[in-house]
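Take a look at the model below. The paragraphs after it lead you through its main features.

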Amino acid sequence: MRRAGLGEGVATGNYGYTNSGYSVHEEENERLTESLRTKVSAIKSLSIEIGTEVKNQNKMLSDMDSDFDSTGGFLDATMGRLKTLSRGSQTKLLCYMMLFALFVFFVIYWIIKLR
């Protein structure tokens, strides 16, 4: 008793299953495997690019954080100086402002008189 497809003249690549559904399924599996392989490699490259971008963004955020810390320190020092200035004598500041206004008034008067 001979099995169908086994015998002389059988192609060696399909393990003796000629013209059967097995070779069709095997080809489809190979095609799907290759498709899956390309999708996995695309996802891998995309995830590597995302990782690189995340590292760059984290570096920029840490630089920005240090810049904000230094700016906050500068602002705190300025506010401290303003508090010190506001605690000082208001009469001295008012006297300086009056002298400056008087000086500006005389300069404008002198310019108008020369015309």
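What follows moves from the whole chain to one helix and its surface.

This is a predicted model, in which local features need pLDDT of at least 70, side-chain atom pairs count only at pLDDT 80 or more, and totals for chains, interfaces and linings use all residues. Residues are numbered from 1 along each chain as its sequence is written, and side-chain values use heavy atoms, with hydrogens and water left out.

Start with confidence. The average pLDDT (the predictor's confidence in each residue, from 0 to 100) of the protein chain is 82. A score of at least 70 is reached by 80% of the residues. Residues 5–11 stay under 50. For them the model has eight contacts (heavy atoms within 4.5 Å) beyond four places in sequence.

Now the fold. The protein chain has two helices and zero strands (DSSP runs numbered from the N terminus: H or I of at least four residues for helices, E of at least two for strands). Of its 115 residues, 3% are buried. Buried means under 20% relative accessible area, exposed over 50%, and partly exposed in between, with a 1.4 Å probe and protein chains only.

Turn to helix α2, residues 90–114. Its 25 residues should span 36 Å at 1.5 Å a residue (1.5 Å times one less than the number of residues). The end C-alpha atoms are 37 Å apart, which agrees. None of the 25 residues is buried, so α2 lies largely in the open. L114 belongs to this helix. L114 counts as exposed because its relative accessibility is 59%.
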